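Got your viewer open? Let's take a walk through this structure together, one selection at a time.

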Amino acid sequence: MNAIKLLGTGRHVPSRCLTNDDLSRMVDTSDQWIRERTGIVTRYLCGEGEGNTSSALAAAKTAMERAGVGPQDIGVCVAATFTADHATPSLACELHQLLGFAETTPAFDVNAACTGFLHALETARCLLAAGRLRAPCALVVGSEALSRITDFTDRSTCVLFGDGAAAAVIRLTDDAPYACVLGARGDTQILRAGGAGEMDRFIHMDGPAVFRFAVDAVPKCIDAVLSQAGMTLSQVDHVICHQANSRIIDYVVRRLKAPPEKFYKNMDRYGNTSAASIPIALDELLEKGLARQGQIALCVGFGAGLTWGGALLKL
Ligand code: ACO
């Protein structure tokens with residue numbers, strides 16, 4: 001019983017939609033530049049009364065409903081985020097209260113930036129596998145309110161990011177392959193955000209350096225997951241990459257000589273939602289009927305830190 005079975009997913013994005021044309025009225029950019037360089041067309045931002053917790057709560061409720069589970073079935077709640085509404089309590093503890101989990105259900109956040117969801121998933125899986133939780137399911141959430149740390153006068157970053165959340169209810173199964181790789185290069189300069197100073201709180205990123213890291217790390221990660229599982233890419237039904245830039249995914253597809261249709265993309269509508277991007281893509285894929293129950297997905301991410309990771313999931 002070591003593999004992950006997805007029982008249900010849900011997603012939520014806040015109400016304010018910002019188009020590339022909107023952004024071109026705010027900074028010196030254009031719809032054409034953003035589309036061609038990133039594949040992004042729209043993104044959603046938190047408006048009045050919206051935040052990280054409200055998105056995560058809506059996503060979690062949908063995931064639990066679709067999974068057919070109640071609060072009593074959740075043995076652990078792990079949220080991936082680096083933009084929680086408060087430094088403490090954690091987003092996971094806010095969800096714990098709002099969803100009415102039992103006192104013996106632990107709840108905590110993990111921060112591995114855009115790779116956060118995969119770190120949260122593996123953490124939850126290990127806790128389930130250790131066999132000491134009060135209930136057999138885990139609620140794993142990826143949720144961000146990146147607009148709070150985005151400098152909307154900096155064209156090199158503000159066109160890239162969006163807010164949103166997605167959640168997954170998982171349990172263990174022995175009826176699927178499993179593999180997971182996680183790591184970090186320990187870089188602290190290429191991508192930073194949330195410092196104490198006035199400007200230091202915004203996202204600062206050397207975009208081309210992240211791009212070079214991603215196109216190196218993602219194919220290696222995919223190869224490592226497949227080799228750990230003793231599988232080939234043809235045995236995987238879907239590859240769900242962190243949705244940062246369409247060109248990164250195109251590069252990976254070419255490098256692996258893979259069928260592009262196996263690599264889902266939705267950054268055109270959401271932008272880069274960091275820890276939420278992989279579960280938002282998973283949820284959409286399932287909701288649209290593009291993926292079916294029982295299929296195998298390989299999720300792969302990269303982000304600030306520089307963190308990276310990949311894992312297999314049974315849908
Ligand atoms: N509109 C118009 N021009 C722009 C914009 C913009 N929004 N942003 C930058 N430019 C200009 C630059 O100033 C530069 O001009 P110059 O040639 O006159 O100096 C030119 O466009 C090219 O800039 P580059 O930064 O070299 O453009 P690049 O093709 O590398 O694209 C991008 C930039 C989109 C950021 C790309 O590098 C990228 O996607 N990197 C990866 C980012 C990422 O994946 N982050 C994920 C991690 S996020 C996390 O963990 C929170």
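The stops below start at the ligand and finish in a few loops. Keep in mind that you're looking at a predicted model.

**Stop 1: the ligand.** Select the ligand and look at where it sits: that's the largest pocket. Now color domain 1 (3-173) and domain 2 (178-314) separately. Both domains give residues to the shell around the ligand, so the ligand lies between them.

**Stop 2: the shell.** Show the residues around the ligand; there are 27 of them. Label the closest ones: Thr29, Arg37, Cys114, Arg155 and Asn245. If you color the shell by class, you'll get 16 nonpolar, seven polar and four charged residues.

**Stop 3: the elements behind the shell.** Switch to cartoon view and pick out α2 (31-38), α6 (155-158), α7 (207-229), α8 (246-256) and β12 (296-303), each of which supplies at least two shell residues. Which of the elements gives the most to the shell? That's α7, with four residues.

**Stop 4: polar atoms at the ligand.** Zoom in on Trp33: an N or O atom in the Trp33 side chain is 3.4 Å from a nitrogen atom of the ligand. Next, go to Pro208, where a polar backbone atom lies 3.4 Å from a ligand oxygen. Then try Ala304, which has a polar backbone atom 3.0 Å from an oxygen atom of the ligand. How much of the ligand does the protein bury? On its own the ligand exposes 1,000 Å², and the protein buries 74% of that.

**Stop 5: some unusual backbone.** Here's some background for the last selections: most peptide bonds are trans, and most residues other than glycine have a negative phi.

- Select Thr88 and Pro89. The peptide bond joining them is cis, with omega about 5°. You'll find Pro89 in the loop between β4 (74-80) and α4 (91-99).
- Move on to Gly305 and Leu306. The peptide bond from Gly305 to Leu306 is cis too, with omega near -20°. Leu306 belongs to the loop between β12 and β13 (307-314).
- Finish at Ala113, in the loop between β5 (107-110) and α5 (116-130). Ala113 isn't a glycine, yet its phi is positive, near 50°.

How values were computed. Residues are numbered from 1 along each chain as its sequence is written. This is a predicted model: local features need pLDDT of at least 70, side-chain atom pairs count only at pLDDT 80 or more; totals for chains, interfaces and linings use all residues. Side-chain values use heavy atoms; hydrogens and water are left out. A residue is near a molecule or strand if one of its heavy atoms lies within 4 Å of it. A polar contact is a pair of N or O atoms within 3.5 Å; within protein, one must be able to donate a hydrogen and the other to accept it, and residues adjacent in sequence count only if both atoms are side-chain atoms. Accessible areas come from the Shrake-Rupley method with a 1.4 Å probe; for residues, only the protein chains shown count as cover. On a 1 Å grid over the protein atoms alone, a cavity is a set of points where a 1.4 Å probe fits but cannot get out, and a pocket is an open set with protein on both sides within 12 Å along at least five of seven lines; lining residues have an atom within 4 Å of a point. A molecule sits in a cavity or pocket if more than half of its atoms lie within 2 Å of its grid points. Ala, Val, Leu, Ile, Met, Phe, Trp, Tyr, Cys and Pro count as nonpolar, Asp, Glu, Lys and Arg as charged, and the others, Gly among them, as polar. Domain bounds come from an automatic or database domain assignment.
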